[in-house]
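Work through the exercises below with the structure in view. Try each task before you read its solution.

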Amino acid sequence: MKRLVIVESPTKAKTIRKFLPDGYVVDSSYGHIRDLPANAKEIPAKYKGEKWANLGIRVDAGFEPLYVVSAEKKKVVTRLKELLAKADELILATDEDREGEAIAWHIREILNPKVPVKRMVFHEITEEAIKRALEEFRQVDEHLVAAQETRRVLDRLAGYTVSPLLWKKIASGLSAGRVQSVAVELIVQRERDRIRFRSGTYWDLKAHLTAPSSPKSFTADLVELAGKRLATGKDFDENTGRLAKPNQVVLLDEAAATGLRERLLQARWTVAEVETTEQVTSPKAPFTTSTLQQEANRKFGMSAKDTMRTAQKLYEEGFITYMRTDSTNLSGQAIGAARSEVEQMYGADYLSKKPRQYATKAKGAQEAHEAIRPAGSRFRLPATSGLSGRELKLYDLIWKRTIATQMAEARTAHTTARIEAVTASDEAVFRATGKEILFPGFLRAYVEGTDDPSAELDDQDKPLPRLAKADALRSDRIEALSHTTKPPARYTEASLVKKLESEGVGRPSTYASIIETIQYKYVHKEGNQLVPNFLAFAVTQLLEKHFPDLVDIQFTAAMEADLDEIAHGKLERLAYLTKYYLGEKGLQTQVERQDSAIQPGEAKRVNLPIDGLEGVEILIGKFGAYAKFETGGEVKNVSLPETWAPADLTLRKLESLLDQAENGPQSIGKDPATGLDVFILSGKFGPYVQLGTDETAGGKPKRASLLKGMDAATLSLETALSLLTLPRSLGKHPVTGKEVKASQGKFGPYVVHDGEFRSVKPPDDVLTISLERAVELLAQPKPGKGSAKAKGAAPAGKEMGVHPATGLPIHLLDGKYGPYIKYGKKNISLKKGSDPAALTLSEALAYIEAKAD
């Protein structure tokens, strides 16, 4: 018997083919085989005259979708039909989620097979899983198909009904979406919070103290003065910048803080109280789709789209289980594999007392699915997997998180000391805190937010010296420190995904495409921040006022719950769509009613309650956002750069922009080296400096963006010339002899050497940083990866020699958790039972090679 197996990707087909017996032919549909018409060209000729054809849904016929096979998929369909003609059985082996079920259904409908059809599902592509799936066939789940089709119809109805209204009232090419509009509203609302925010300033003191029990100093922070708590950032009202309850706290300004500092230098310092508590911490649950996206964004800066693309490849090549899941459940096979790895790598002491399972907390999660984990009954080690680049990084992340779930809890001791500083006129209370890791447990393998657990343990282990009540302390130094409250942080991809999932809006498998979509028109990135533009404000305002359900979190989350009910066969598709779209409160009726109520002039006006801009109108025009305001007795218009953040808009910026637009670029001076004029210009992505013009610079004048915090209105010629030197060579690296450069990029200023990048942050300045300082930065582990011990001179211990390829030294060190090799930014533990005294340089090089990315 000849069987045809159809999956949705060539990579998946190649992997699954290895595990099937003779008689099976595997081919791919290359994703969805048909869909709703993407444009007018795809509408079949016989339907072109129908009113509903552009919508692609025949509402009056039970919301019947018009499915079409695109031109690029017709060859695929032809090939699959030819293969089916030679087969005795059709097996549909697409992914096991709703989308995969819908793909299987569409394939069946298009091919119209005359042979038996079976549905084959598995959540990992291993020999064991495929053999099991061959014994557990089922039929296509019509309820899952109905839920996916309902979701597709809902998204089409929302987008194609509301979007034309946005084109008519605001600007062409805009879009609205069931989940997309909620995501944009969240980002806009955060920007509004930043506009309303008013900063407050407060001062405090930090004392550097020494105890009799140890020569090593520790720090303590001022928390009380004369029996009253010292004001901190949380005491300020975000909307006024003033204390919310001024009578309950003490607010220090600079004069008061420095005066107190001088007096406390003569104070008597005594330990008033010491309290130590022990804390037990359990490992995080294994990855779901959303938590994997969040962690990959935090650790590696990977976008949700890049994470899902990489995870898809790992799944299709048989490295991990299915990557679109909202369950934290682990199978017995996975738990057994993880526990075996823990015992082998870390010893029985690091194994949890009993197998650990996790309850899924996400709204609407499907417990029948499994968390994302390494595939198989034995997990492939990252170092020997053969993977590289992003695939290795992501697999290593998934491997570590899974292993950690079956490890023992971490035990830490937290010590708080209350310290009194008394003078003739002052009674001040300081607080010192310390943390000691009593047993690292799962932290040996995995620490959230960092990919170097060993180094992170060193950073976390910061105990106080032995202190006892009534101990006299010595004050070595006291700092008076100024603090300014910060506006609410903008969303990042990670925090937006977390918010959407916590509210039950959308599904994790859709977040990558949503974030990608909103960046086309409404949002841009500054570093990892998602910044809304003025168009996002205008669209959100219109939806909030006239279609509040479309941007209401609870309403959208309830729709997801309804789709789950359809998937479970508890809610009827037609009744639900009818209620949503038709009737007195249906979307179609709302759009028709609001069309006449929305005035284009009102819809194009962006409301920004910013101090100093009371007489300024922000409007959406044919070519984008522009400002309209009066200056010199005349009303002027000036276009706004797309990357200007609404919360950062000021009158001075607008006036500078207008001056440039009306008078052309004004030279701020000449470059002494070339004699060319230096200009400050404003472009699509904000202000920048330029050397010469197209004519004087041969058609390609050099340009450089202003650094964050720089003001175009006050920029000096000297600073502009410094910007134009970027990227600048700092010289040769003393070890490798390769060039070190300083420059700026998408994520801010940086130094780079041989493919290694390090951010340049205050007080360092990319315009003045020296080669010596750059080499220091490059020697430091990347943020979140290194320990305090690694951030200075070469570590003490046995020096094994230097790496023959890089010239970097290799050290053998004895850490708190056993011997390890220190090579550059890497800490590499020796295998359990190894004799560090017998370790040779060649063996150390083998460890380093195995650890290589």
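**Exercise 1.** In which helix is Thr310 found? Then decide: is Thr310 buried or exposed?

Solution. This is a predicted model. Start with the position: Thr310 sits in helix α9, which covers residues 304–316. Next, take the relative accessible area of Thr310, which is 5%. Buried means under 20%. Therefore Thr310 is buried. Now look for partners, leaving aside neighbours within four places in sequence: Thr310 is in contact with Met302, Arg390, Glu391 and Leu394.

**Exercise 2.** How many residues of α6 are buried? What span does helix α6 reach from its first C-alpha to its last?

Solution. Find helix α6 at residues 180–196, 17 residues in total. Of these 17, 13 are buried, so the helix is mostly covered. Then check the span. Helix α6 reaches 25 Å, close to the 24 Å expected at 1.5 Å a residue.

**Exercise 3.** What is the strand order of the open sheet of 4 strands? Which helix packs on this sheet?

Solution. Read the order first: β25-β26-β27-β28, with antiparallel pairing. The edges are β25 (728–732) and β28 (756–759), and each of them pairs on one side only. On average, neighbouring strands are turned by 25° against each other, direction ignored. Now zoom in on one pair. Strands β26 (residues 739–745) and β27 (residues 748–753) run antiparallel and are joined by 6 bridges. Ser743 has Tyr750 in β27 as its bridge partner. Last, add the helix. Helix α22 (residues 771–779) packs on the sheet and touches β25, β26, β27 and β28. The direction of α22 makes about 85° with that of β27.

Technical notes
Residues numbered from 1 in each chain as written. Predicted model: local features only at pLDDT ≥ 70, side-chain atom pairs only at ≥ 80, totals over all residues. Heavy atoms only, no water. Helix = DSSP H or I, 4+ residues; strand = E, 2+ residues; numbered from the N terminus. Expected span 1.5 Å × (residues − 1). Buried < 20%, exposed > 50% of the residue type's maximum accessible area, 1.4 Å probe, protein only. Contact = heavy atoms within 4.5 Å. Pairing = 2+ DSSP bridges. Axes fitted to C-alpha atoms, helices over the stretch in contact; angles between N-to-C directions.
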